[in-house]
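Here are a few notes to go with the model you asked me to look over. I have put them as numbered points so you can follow along on screen.

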Amino acid sequence: MLLLHGFPECWYSWRHQLTALAAAGFHAVALDQRGVARSERPTQVEAYSILHLVGDVTGVLDALGEERAALVGHDWGAYVAWHVAKMRPDRVRGIVGLSVPHQPRGIEPPMTTFRKHFGDGFYMSYFLQPGPADEELARDRHRTFRLLLRGGSPGKPRAAHRSAQVMAQDGTLLGSYPEPSALPNWLTSHDIDVFAAEFADGFTGGLNWYRNLDRNWELTSAWHNAPVQPSALYIVGDQDRILLWPDAEEHITTMREHVPNLRDVIRIPDVGHWTQQEAPHVVNTALVDFLRSL
């Protein structure tokens, strides 16, 4: 089983799953994806396209000597996992998407859709500009992770989750997140230390994934409306900000039209965006049950 993290995350995001999956008898590998933490960081923005990211996953399988694997992806990792299952189903035994549902390729570039829904202040528009976001997130890595990880947790009105996806009046991303009085019970100061250390070289590699969103739309025209054939499972927290994205609920409701072997959709109450970190027991049980059913 390959565990694919999101942004800003790394292998450590799967700390609760690695031990649980190993105890259940599975071989689980959590990798740092391209540009993140200890992985290689190409300098060209174009080197972070979905074709490169899919190729990295199949390359890891080759390096491990494995013909196929089950893929588990969270956030951006789910985006990659859905595309691997679509482009290289011969390498995929099953797929579990956390947070980000399968989304069929749209009729227009994704940033056009996001700007229509959220306006020009949407945080992804900010990420597209090389420099400002890179510098802001790297300025104080402990603060960055403290705000972003707490900011994706439940306990706030849905309107607050929506506003956190739009830039603050001072033109920063983190300015839209209030300083937490305490960390949530699933997150420790040690966890923050680990994330901050893993991102000692900055966030540019992960931000370059966003800078390829519209390029990915162009590159995947050959897979327009192509189904995801492997057996699949989708897990989302009912307080996940992803549910505020344009047509997110519709994508979930109609997912079987494009993922014909979808086994189930699991919604976890009172869980936000950081699914496998916030609710490890629920996620681990679902993963083991799914794996044993393949």
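1. How many helices and strands does the secondary structure of the protein chain come to? The count is 14 helices and six strands. Please keep in mind as you read that this is a predicted model.

2. Next, the overall dimensions. For 294 residues, a compact globule would have a radius of gyration near 19 Å, and the protein chain has 18 Å, so the two agree. Along its principal axes, the C-alpha trace spans about 50 × 40 × 35 Å.

3. On packing, 56% of the 294 residues in the protein chain are buried. If you take the contacts with a separation of 6 or more, 79% of them come from residues 24 or more positions apart.

4. Helix α3 makes a nice check on geometry. The helix covers residues 76-87, and at 1.5 Å a residue its twelve residues should span 16 Å; the end C-alpha atoms are indeed 16 Å apart, which agrees. As for its surroundings, α3 is mostly covered, with twelve of its twelve residues buried. Among them are Trp 76, Tyr 79, Trp 82, His 83 and Lys 86, so you may like to click through these side chains on screen.

5. Now to the strands. Strand β5 (residues 232-237) is joined by six bridges to strand β6 (residues 262-268), and the two run parallel. Within this pairing, Tyr 234 stands opposite Val 265 in β6. What handedness does the β-α-β unit have? Together, β5, helix α12 (residues 248-253) and β6 make a right-handed one.

6. Is Gly 237 of β5 buried or exposed? Its relative accessible area is 0%, so Gly 237 is buried. Setting aside residues up to four places away in sequence, Gly 237 touches Leu 243, Ile 268, Val 271, Gly 272 and Thr 275. Of these, Ile 268 falls within the residue range of β6. By contrast, Glu 250 is 13 residues from Gly 237 along the chain, and their C-alpha atoms are separated by 16 Å.

7. Finally, a loop residue. Ser 176 lies between α8 (158-163) and α9 (189-198). With a relative accessibility of 18%, Ser 176 counts as buried, because the cut-off for that label is under 20%. What does the side chain of Ser 176 reach? The partner is the backbone oxygen of Leu 173, at 2.7 Å.

Note on methods
Residues are numbered from 1 along each chain as its sequence is written. This is a predicted model: local features need pLDDT of at least 70, side-chain atom pairs count only at pLDDT 80 or more; totals for chains, interfaces and linings use all residues. Side-chain values use heavy atoms; hydrogens and water are left out. Helices (H or I, at least four residues) and strands (E, at least two) are DSSP runs, numbered from the N terminus. The expected span of a helix is 1.5 Å times one less than its number of residues. Buried means under 20% relative accessible area, exposed over 50%, partly exposed in between (1.4 Å probe, protein chains only). Contact means heavy atoms within 4.5 Å. A polar contact is a pair of N or O atoms within 3.5 Å; within protein, one must be able to donate a hydrogen and the other to accept it, and residues adjacent in sequence count only if both atoms are side-chain atoms. Two strands pair if DSSP finds at least two bridges between them. A crossover is right-handed if, with the strands pointing away from the viewer, the path from the first strand over the helix to the second runs clockwise. The radius of gyration is taken over C-alpha atoms; the globule rule is 2.2 Å times the number of residues to the power 0.38.
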